[in-house]
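Q: I've got a protein model open and I'm not sure how to read it. Can you walk me through some features one by one?

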Amino acid sequence: MKRPFSENPHATPSSLATPDEEMHQIQRGSDELLAQTGAVSNGSVMSPAPNHADNNNDAKKVKLDTKNPGAPSRVIHIRNIPNEVTEAEIVHLGIPFGKVTNVLVLKGKNQAFLEMSDEVSATTMVNYFTNCTAQLRGRAVYVQFSNHKELKTDQTHSNANPSAQAALQAAQALVNQTDTQGGPNTVLRVIVEHMIYPVTLDVLYQIFSRVGKVLKIVTFTKNNTFQALIQYPDVVTAQAAKMTLDGQNIYNACCTLRIEYSKLSNLNVKYNNDKSRDYTNPNLPTGDPALDSALAIGGMPFTGMPLAGVTPTAAALGAAGIRLPGQPSPNCVLLVSNLNEEMVTPDALFTLFGVYGDVQRVKILFNKKDNALVQMSEPHQTQLAISHLDKMKTWGKQIRVTLSKHQTVQLPKEGQPDAGLTKDYSNSPLHRFKKPGSKNYQNIYPPSATLHLSNIPPTVDEEQIKDAFAHAGASVKAFKFFPKDRKMALIQLGSVEEAIAALIKMHNFQLSDSSHLRVSFSKSTI
């Protein structure tokens, strides 16, 4: 899966100075680098050596008027930018705060300068990013006033940098749009492309709330594409979210966010459930009486609790469930309700939910045995389980899976009667995702009538496997070994419900003295 942002943007790069050194650099005027640089072409530092004279034809020469360091200026100095950042991305940082009049990118120095039309706009931008870390391509960048009053471009070279000119023209066009035309607005329309892995409302909340306070979310499917409307309290935050997150992947190489402004100015949310959420009104009904009843027993209201540590640019959701330093531990506990009391056991829930993550603990509620708590190892695993198992018919009943209000499953105290309803699996050898970046993440599918079997020993044939499944109560409709690998096979059963029950019974089934069967859901059919 994509660790959409494979680096922790909050980790200070080794190339950065210490806070004291940074302060010293600021006071000296670290953007005096411009005075040492002959010219830039397409944002790159150009050498003034004679043999590079041809490059000066499309170079942008810069003159800077200095002023007292630390004082407000309409020129903003941006440090620690990634090498591949474009002028357009730098310009977009300033768009929410006012008109951008000039831009200069020094890629070789990982710095950029942005000139705003006035000091008020520049001050608003610096103050905003003092409280909310600016990000470019998953990397934290540092925004401060420049020691210079303005960026002066030699007019004879005003068109020397086409990318800078295009970025400034696009910025002006964006500012000129109106809300009704889909211009800057508090409501964003989000389309998730290449959605190989499930994306839920809570995943979107976690991503977009890193940029600013999210008020409401409505999700829907249109033209077979998962989409969402996300409302922020102000245009500045919405623009910052669009600039930061548009084009980013939620998981590795898939689930790409495409963001545009909605023509709506406000979202009307009637229910707080897995499709819509009003975070300003957590007491809205879910629209499902059975779920409301279950939540009253052991669940939590839909308040939008963060679920996974995700960088503001979406790139850190991924398979490893990244948590940022200082971030509260997200909720990893699920409430499973409407279970079949006669069939459910901690081991059965461990096996079923273990398809979507590493189950740490399971507790079947003593006074209401059709309810259970399942603790996963990572927050994104809870989302996978909710996405794939909620409303699935299991043992004759449609189970419900939602987040619990509990942060952890408590083990019974020593001597306290439990009747075997609580089990700890933290040291289980059967966890599927123990290794970071495990390939098992690439083979996670919804429950299906076809099961994928692996770890089949060469001494076991098709009839033995079919007999074992029949003995477990399944009706086998088809079976097929993988042509190039007899250690794996597909087995098709009578229904999805049958396959769920068979997976619970047959995963880790002993086929020989040294081999235990591995079972998962398949996307294929025979």
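A: Sure! Let's start with a word we'll need a lot: a residue is called buried if its relative accessible area is under 20%, and exposed if that value is over 50%. Keep in mind that this is a predicted model.

Q: Okay, let's try that on a helix. How many residues of α3 are buried?

A: Helix α3 covers residues 87-94, and six of its eight residues are buried, so we call the helix mostly covered. The buried ones are Glu87, Glu89, Ile90, Val91, Leu93 and Gly94.

Q: What should I know about which way residues point in a helix?

A: An α-helix has 3.6 residues a turn, so residues three or four places apart point the same way. Have that in mind when you look along a helix.

Q: Now strands. Which residues lie on the two sides of β16, and are they buried or exposed?

A: Val333, Leu335 and Ser337 are on one side of β16, Leu334 and Val336 are on the other, and all of them are buried. That makes five of five residues for this strand, which spans 333-337.

Q: Which strands are joined to β16?

A: Think of bridges as the links DSSP finds between strands; a pair of strands needs at least two of them. Four bridges join β16 to β18 (residues 372-376), and the two run antiparallel. Another strand, β21 (residues 400-403), is also joined to β16 by four bridges and is antiparallel to it. To find these links on screen, look for Val336 with its partner Ala372 in β18, and for Leu334 with its partner Leu403 in β21.

Q: What about aromatic rings? How many pairs are there?

A: Rings pair up if their centres lie within 6.5 Å, and planes over 60 degrees apart count as edge-to-face. By that rule there are six aromatic pairs. One of them is Phe97 with Phe129, an edge-to-face pair with 5.6 Å between centres and 70° between planes. This pair links distant parts of the chain: Phe97 is in the loop between α3 and β5, Phe129 is in helix α4, and they are 32 residues apart. Tyr128 and Phe129 also form an edge-to-face pair, at 5.1 Å centre to centre and 85° between the planes. Ring pairs thus link Phe97, Tyr128 and Phe129 into a cluster.

Q: Why does Tyr128 count as buried?

A: Tyr128 counts as buried because its relative accessibility is 18%. Phe129 counts as buried too, because its value is 11%. Phe97 is buried as well.

Q: Where do charges sit over rings?

A: Here you look for the charged end of a Lys or Arg above a ring face. The charged end of Lys369 sits over the ring of Phe366, 4.7 Å from its centre. Arg486 lies over the face of Phe481, and the distance to the ring centre is 3.9 Å.

Q: How do I read a single residue? Where is Ser522, and which residues does Ser522 touch?

A: Ask for its place, its cover and its contacts. Ser522 is in the segment after β26. Ser522 counts as buried because its relative accessibility is 8%. Leaving out residues up to four places away in sequence, Ser522 touches Tyr445, Ser448, Thr450, Leu451, His452 and Leu490.

Q: And Asn281: where is it in the chain?

A: Asn281 is in the loop between β15 and α8. Asn281 counts as partly exposed because its relative accessible area is 30%. The C-alpha atoms of Asn281 and Tyr271 are 9.7 Å apart, and the two residues are ten places apart along the chain.

Methods
Residues are numbered from 1 along each chain as its sequence is written. This is a predicted model: local features need pLDDT of at least 70, side-chain atom pairs count only at pLDDT 80 or more; totals for chains, interfaces and linings use all residues. Side-chain values use heavy atoms; hydrogens and water are left out. Buried means under 20% relative accessible area, exposed over 50%, partly exposed in between (1.4 Å probe, protein chains only). Contact means heavy atoms within 4.5 Å. Rings of Phe, Tyr and Trp (its six-membered ring) pair if their centres lie within 6.5 Å; planes under 30 degrees apart count as stacked, over 60 as edge-to-face and the rest as tilted. A charge sits over a ring if NZ of Lys or CZ of Arg is within 6 Å of the ring centre and within 35 degrees of the ring normal.
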